[in-house]
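Got the viewer open? Put the chain in cartoon view and keep the selection box handy, and we'll walk through it stop by stop.

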Amino acid sequence: MKENIENYLKKHFLQIIGLMILMSFKVLLSLGMPVVLQKFIDFMPQKIVKILLELIVIYFVGYIIQKMLSVLIKYISGEMGWSFFNQVRIWIIKKFIKYDHVFFTEYSVGELIEYTERDISILYSFCTSKLIDMILNLVLILGILAIFFDKNIYYIGVYKRNDER
């Protein structure tokens, strides 16, 4: 199985890198959207219509790009997962073929196929959606904490910005 995973990673290396880049862009957009809203709220009292319209357009374009990235990430992870778990199915079937006749008298072929497909479907679902979402949310939380730390370290007086000296 270890050789199968290594071969799969080598075969799909560019897709994995592309998926990581797309996920990075999605997280950066998720972190940048509140900044655009902050600027919009900051310019609201000044009633500079041109800047407000530009911020609205930037926000909606960012939102559309973020949703397109979500769809693309789901598609690529689904394709990669489908390819990988087809290899797992082949590996499991090769293992079943090596078992002796006594094993097949204890379990019917239909039961083995049902158990295998159910377990692989659960793994596929976890790896293509929940694992990707968990990674994205973890990186997003770390980014939010970094932004809060950056914003608040100046307010508590530990460090002064260059423009405040």
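Helices (H or I, at least four residues) and strands (E, at least two) are DSSP runs here, numbered from the N terminus. This is a predicted model, where local features need pLDDT of at least 70 and side-chain atom pairs count only at pLDDT 80 or more, while totals for chains, interfaces and linings use all residues. Residues are numbered from 1 along each chain as its sequence is written, and side-chain values use heavy atoms, with hydrogens and water left out.

**The whole chain**

Start with everything selected. The protein chain has five helices and zero strands, so to read along the sequence is to follow α-α-α-α-α. Colour by burial next: buried means under 20% relative accessible area, exposed over 50%, and partly exposed in between (1.4 Å probe, protein chains only). Of the 165 residues in the protein chain, 24% are buried. Now for contacts, meaning heavy atoms within 4.5 Å. Among those between residues at least 6 apart in sequence, 73% join residues at least 24 apart.

**The pocket**

Switch on a surface. A pocket is found on a 1 Å grid over the protein atoms alone: it is an open set of points where a 1.4 Å probe fits, with protein on both sides within 12 Å along at least five of seven lines, and its lining residues have an atom within 4 Å of a point. Grid points are joined across faces, edges and corners, and a volume is the space filled by probe spheres set on the points. The largest pocket comes to about 440 Å³. Which residues should you select to find its centre? Of the 17 that line the largest pocket, Leu 19, Met 80, Cys 127, Leu 131 and Ile 132 are the closest to the centre. The helices α1 (2-11), α2 (13-43), α3 and α5 each supply at least two residues of that lining.

**Met 80 and His 12**

Stay on Met 80, which lies in helix α3. Met 80 counts as buried, at 9% relative accessibility. Skip the neighbours within four places in sequence, and Met 80 is in contact with Tyr 8, Gln 15, Ile 16 and Leu 19.

Now add His 12, in the loop between α1 and α2. Met 80 and His 12 are 68 residues apart in sequence, yet C-alpha to C-alpha they are 7.9 Å apart in space. Is His 12 buried or exposed? With a relative accessible area of 11%, His 12 is buried. Show its side chain and look for a polar contact (a pair of N or O atoms within 3.5 Å; within protein, one must be able to donate a hydrogen and the other to accept it, and residues adjacent in sequence count only if both atoms are side-chain atoms). The side chain of His 12 makes one with the side chain of Gln 15, at 2.8 Å.

**The aromatic rings**

Select Phe, Tyr and Trp. Rings (for Trp, the six-membered one) pair if their centres lie within 6.5 Å; planes under 30 degrees apart count as stacked, over 60 as edge-to-face and the rest as tilted. The whole structure holds five aromatic pairs. In one of them, the rings of Phe 84 and Phe 85 have centres 5.1 Å apart and planes at 75°, so the pair is edge-to-face. Both Phe 84 and Phe 85 are buried.

Next, Phe 85 and Tyr 124: ring centres 6.3 Å apart and planes at 85° make this pair edge-to-face. The pair links distant parts of the chain, with Phe 85 in helix α3 (residues 49-98) and Tyr 124 in helix α5 (residues 109-155), 39 residues apart. Phe 85 is buried at 5% relative accessible area, whereas Tyr 124 is partly exposed at 25%.

Add Trp 82, and ring pairs link Trp 82, Phe 84, Phe 85 and Tyr 124 into a cluster. Then pick Arg 89, which lies over the face of Trp 82, at 5.3 Å from the ring centre. (A charge sits over a ring if NZ of Lys or CZ of Arg is within 6 Å of the ring centre and within 35 degrees of the ring normal.)

**Thr 116**

Move along helix α5 to Thr 116, which is buried at 15% relative accessibility. Its side chain reaches the backbone oxygen of Leu 112 at 2.7 Å. Beyond neighbours within four places in sequence, Thr 116 is in contact with Ile 92 and Phe 96.

**Last stop: Lys 47**

Finish in the loop between α2 and α3, where you'll find Lys 47. Lys 47 is exposed, at 66% relative accessible area. Check its backbone: phi is positive, about 55°, although Lys 47 is not a glycine. Most residues other than glycine have a negative phi.
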